[in-house]
Amino acid sequence: MNLSSFWERSTPRTVRLEDPKVVAALAELGVQRESHTSLAELTSLGIGGTTDLLRTCRHEAIPDLLRLLDAHGVPHRFLGGGSNLLVRDGELPWVVLQLVSPEPDVVLEGNLAHVDAAADLGRTVTYCAKHDLGGMEGLIGVPGTVGGALRMNAGAYGMQIGAYVREVKLYRVATRKIETLRGHQISFEYRHTSFAPDDMMLAVILELPSKPYKEILQGIRICNEKRRSSQPLGQKSAGCIFKNPPGASAGRMIDELGLKGLRVGDAQVSDRHANFFINTGRASASDMLALIADVRERVTKAFDVVLECEVVVWNG
Ligand code: EPU
């Protein structure tokens with residue numbers, strides 16, 4: 001089944017948190033509620049429907065919050081930085097939970113960085129660099145939160161965040177508990193981890209190599225330059241749409257088929273990097289999904305390769 005037909009067939013149920021008892025319980029847990037929030041404003045693609053947004057920086061409130069939502073039959077999704085996400089259009093059938101970063105969100109202890117999952121990835125890399133802790137130079141231009149980077153094992157220019165993970169604190173829906181996993185208990189592969197899809201990242205301890213700031217800065221400048229020259233920065237995108245198939249480059253294949261500039265509505269294959277699909281104005285999720293399906297089909301026909309989405313799609 002292709003994504004667009006799934007999209008059309010599923011019928012969303014509107015979810016509202018208006019029950020006064022629920023509203024009072026949320027306030028007691030220290031959870032902020034923002035009604036009728038547009039996910040288009042919370043995602044780098046600028047696409048997505050509306051729902052209620054629940055935000056907190058209190059990790060210990062998460063288990064009670066989830067129990068509360070379950071007790072009232074309210075489905076939910078966890079949102080990180082929204083930079084690798086394509087959200088369906090219209091009224092969304094779930095509420096969205098988002099961690100807010102506390103102050104400070106990075107605490108250093110020797111070569112260890114204790115980082116809140118809601119911390120901005122770029123600012124974390126820079127903060128660690130200023131304290132002579134390197135290794136993550138390649139991640140400097142990757143948008144999003146540390147938690148988001150962790151759950152998908154974000155990487156660029158030969159490095160991946162998983163290599164530096166010493167410990168992760170997460171909320172596991174399966175056990176309904178906050179748990180701590182050591183690095184060796186987690187498998188980090190290319191844009192994939194052993195976390196369950198509904199695990200919520202809360203905090204991480206990274207163990208980073210010591211390096212003089214000047215040297216790290218040099219590495220950061222090189223990565224920034226490479227990124228600026230090959231990727232459509234400053235345009236609405238979710239980074240690379242497809243994972244690279246083993247031994248090949250999705251961007252190169254799409255480019256070789258002459259698909260740069262291909263559009264469905266305001267969704268367009270970037271002219272700069274063919275694995276970036278951009279929202280040039282008011283693209284809908286349906287436009288973007290139709291473009292994804294079209295490009296995937298053409299690549300399969302030409303190269304006998306089925307491209308897998310790298311971007312996370314919330315269509316359920
Ligand atoms: N290429 C083209 N045309 C294009 C794009 C790329 O011919 O339109 C060629 C390039 O010239 C190069 C090769 O394809 O020879 C690979 O391109 P690039 O160096 O841009 O790397 P990529 O494989 O397309 C990966 C990651 C990026 C990451 C860069 C740099 C994936 C899916 N993509 O891109 O990550 O920034 O390497 O390390 O793994 C992301 O995860 O969202 C992402 C953008």
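## Backbone oddities in a predicted model

Let's begin with R176, which sits in the loop between β10 (165–172) and β11 (177–182). This is a predicted model, and in it the phi of R176 is near 60 degrees, a positive value for a residue other than glycine. For some background, most residues other than glycine have a negative phi, and most peptide bonds are trans.

H36 also has a positive phi, about 50 degrees, although it is not a glycine. You'll find H36 in strand β1 (residues 32–38).

Are these side chains buried or exposed? R176 counts as partly exposed because its relative accessibility is 40%. H36 counts as partly exposed too, because its relative accessibility is 43%.

Then there's glycine: G30 follows helix α2, and its phi is positive as well, near 75 degrees. Here are the three phi values side by side:

| Residue | Phi |
|---|---|
| R176 | near 60 degrees |
| H36 | about 50 degrees |
| G30 | near 75 degrees |

Now hop to the other end of α2. What does D19 do at the start of this helix (residues 20–28)? One of its side-chain oxygens comes within 2.8 Å of the backbone nitrogen of K21.

One peptide bond deserves a look as well. E103 and P104 are joined by a cis peptide bond, with omega at about -10 degrees. As for where that happens, P104 belongs to the loop between β5 (95–99) and β6 (106–109).

How values were computed
Residues numbered from 1 in each chain as written. Predicted model: local features only at pLDDT ≥ 70, side-chain atom pairs only at ≥ 80, totals over all residues. Heavy atoms only, no water. Polar contact = N/O pair within 3.5 Å; in protein donor to acceptor, adjacent residues only side chain to side chain. Helix = DSSP H or I, 4+ residues; strand = E, 2+ residues; numbered from the N terminus. Buried < 20%, exposed > 50% of the residue type's maximum accessible area, 1.4 Å probe, protein only.
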